[in-house]
Amino acid sequence: MATTQHIDSFDLKKCIFERFHNLILMKFHFLSLLLFILSIQVIGQYNSTYENPLDIPIALSGTFAEIRSSHFHAGIDIKTKGRQGLPVKAVSNGRVSRIRVATSGYGKAIYIDHPDFKTSVYAHLKKFSPKIEKYIKAAQYEKESYTVQKFPRKDALLVEAGEVIGYSGNTGGSFGPHLHFEIRDSKNQHPLNPLLFDFKVEDNLRPQLQRLFLYEEGSNDVVIKTKNVSLERVNDSLYKTPLLFASGRVGVGIQMFDRQDLSYNKNGIYSMAVNVNGKPTFQYKFDEIDFNDSKYISQIIDYKNFKENRYRVQKLFRPKTAKFSFMDPALEPGFFNLEEGKSYQVLIEVSDFAGNTAYVEAYVVGQKQKTKIEASKGNNINPELDYLFEFHPNEIYIPKNTFFNPIQLEIQTHSDGIKIGPDIHPFKGAFELSFKTELKDSLKMKKSFIALKGRDNLTYLPTENKNGKLTVKSKKFGDFVIASDLTPPSIKAVNFRNDQWLSGFKFLKIKIDDDFSGIKSYRGTINGKWVLFEYEPKQKLLTYDFSDLTFDTEKHELEIVVEDNVGNKTLFKALFFRK
């Protein structure tokens, strides 16, 4: 009977909440409108005369500050219709302050300082404009390296608004043709949301909310219980959940994404806010970030869920173990206390930059808090202490501050190496693993390294090899074994053959590959003179532009040396003829 009375009491409370449901939503809509008006005022503080960097409508494959595997996205990714070679233009007058060419990261990138103390960045370019290309190639030939970075003097490379500075591409860590575009504060290099500068993006679509997660907080900011809650879509803007029960201090997280009219990509969210019983408990938005924020990126998502299920749940509470520049420490941290028998209305607001908003309404009932005793398994690691595990002759060294929170570590030794896990914990720093080898073959010892064993393959890890001791530093757990690479890299001509006349050719193309430890370096010469071979790792391709240099003779001797990460080398020689 007592149980029946408790349910009836709760139903009455629920009816009261539902009666005021529309009123609360109206209040929330009003607050949203007010925030939108304030955002418009903020936008007005920025330069709105910047030109589009491309001559096509802006369609986004990546939004500002969206969460990537190791960093917050520092700009926007503009789609180039799957093509390379579109003219990229300076968005405003300025000077080229930095040029970088790399085989990873931004690939070919240009940085332009503008008179309004902002810096625009254009990355993954296929090539630069002629005057910039001439400048950087001179530096590459001087250094005898494809990868270079230059900081031109103030008057060396001036550009005007709308001037072509390069052509869109897919260089560096890009996984498809697009333009990565940034606006930074020149004084501190903080990335700013480019959409604050009035770049037009057609967007009439609300964010899509997939699942809600409820977290019960334990000591030291450790989540001790997680609930995965399905969402019922009530209408275009509102989602609801079943009745929820929890105890103690509780926070929420959302699995979600956003799209724009011209793009089907699942992009990141602009702003989030949580209200409990009409009171704001947490909020943030992405107008500006600091590159240091990326050090804590694992703390803004449900990392365990990500590692186990491969989807990201964004936390709507402030972790104690992280300091994010976009979270005001003076505001509420996001966790709220539940009292036994009381009911709470949780209203979550998720918005994109255009102001399209989706809401989640949930009702949570406080339960009696029970003492939870977690079963201990493995080694308990306190992040404030150093640990050394010795498995003669092998060692694992975990320095303090390797992890954000206490963890339980499992270590298994086997005949081939050491298995460490589970790999569900976010790393703050690296741990060190050392193997002592008994190899008598000096050549094999020299070519040995520590590898991470996957289901069907081995992955090379950068290894220090000294006096029979192999050592790696890693921010990943797994099955570590000793491996050897005795096979040198392969080199193959792509568009020519030995003793061929190449007078009509514009480019010389060579494919290089290494099947295990990977390419460490390469060097190409013609007639003994170093020449610039551009390296595209995704295509495993070296390309030489014949317009770079002129030679007096018709007969040319080509030599290319490629070395892998353990020192295996291959020498490729060929003759060709060209007037």
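**View 1. H73 sits in the loop between β1 and β2.** In this predicted model, H73 counts as buried, because its relative accessibility is 3% and the cut-off for buried is under 20%. A polar atom of the H73 side chain lies 2.9 Å from the backbone oxygen of G75. Beyond its neighbours within four places in sequence, H73 is in contact with G62, T63, F64, A65, E66, R68, H180 and I289. Keep A65 from that list in mind for the next view.

**View 2. A65 has a positive phi, near 70°, without being a glycine.** Here is some background for backbone angles: most residues other than glycine have a negative phi, and most peptide bonds are trans. A65 belongs to the loop between β1 (60-62) and β2 (76-79), where H73 is also found. Is A65 buried or exposed? With a relative accessible area of 1%, A65 is buried.

**View 3. H124 is another residue with a positive phi that is not a glycine, at about 65°.** Look for H124 in the loop that links β6 (118-123) with β7 (125-128). H124 counts as buried, since its relative accessibility is 7%, against a limit of 20%.

**View 4. Two cis peptide bonds lead into prolines P393 and P422.** Between H392 and P393 the bond is cis, and its omega is near 10°. P393 lies in the loop between β27 (387-391) and β28 (394-398). The bond from G421 to P422 is cis as well, with omega near -5°. P422 is placed in the loop that runs between β30 (417-421) and β31 (431-436).

**View 5. Strand β39 (residues 507-513) shows an alternating pattern of side chains.** In a regular strand the side chains alternate between the two faces of the sheet. Which residues of β39 point to the buried face? They are L508, I510 and I512, whereas F507, K509, K511 and D513 point to the other face and are not buried. Strand β37 (residues 490-493) pairs with β39 in the antiparallel sense, over 4 bridges, and here A493 stands opposite I510. Strand β43 (residues 541-545) also runs antiparallel to β39, joined to it by 5 bridges. Within β43, D545 is the bridge partner of F507.

**View 6. I510 belongs to the largest nonpolar core, which has 102 residues.** Y122, I348, I510 and L558 are the members that touch the most other members of this core. Setting aside neighbours within four places in sequence, the contacts of I510 include I491, K492, A493, V494 and F496. F533, K540, L541, L542, L558, I560 and F572 are also among them. A second core, separate from this one, has 23 residues, including I398, I411, I418 and L461.

**View 7. Five strands form an open sheet in the order β38-β45-β44-β40-β41.** The pairing in this sheet is mixed. Strands of a sheet pair through backbone hydrogen bonds, either parallel or antiparallel. Which strands are at the edges? They are β38 (500-501) and β41 (529-530), each of which pairs on one side only. Within the sheet, strand β40 (residues 519-526) and strand β44 (residues 555-564) run antiparallel and are joined by 7 bridges. To pick out a single bridge in this pair, find Y522 and its partner V562 in β44.

Methods
Residues numbered from 1 in each chain as written. Predicted model: local features only at pLDDT ≥ 70, side-chain atom pairs only at ≥ 80, totals over all residues. Heavy atoms only, no water. Buried < 20%, exposed > 50% of the residue type's maximum accessible area, 1.4 Å probe, protein only. Helix = DSSP H or I, 4+ residues; strand = E, 2+ residues; numbered from the N terminus. Pairing = 2+ DSSP bridges. Core = buried A, V, L, I, M, F, W, Y, C linked by side-chain atoms within 4.5 Å. Contact = heavy atoms within 4.5 Å. Polar contact = N/O pair within 3.5 Å; in protein donor to acceptor, adjacent residues only side chain to side chain.
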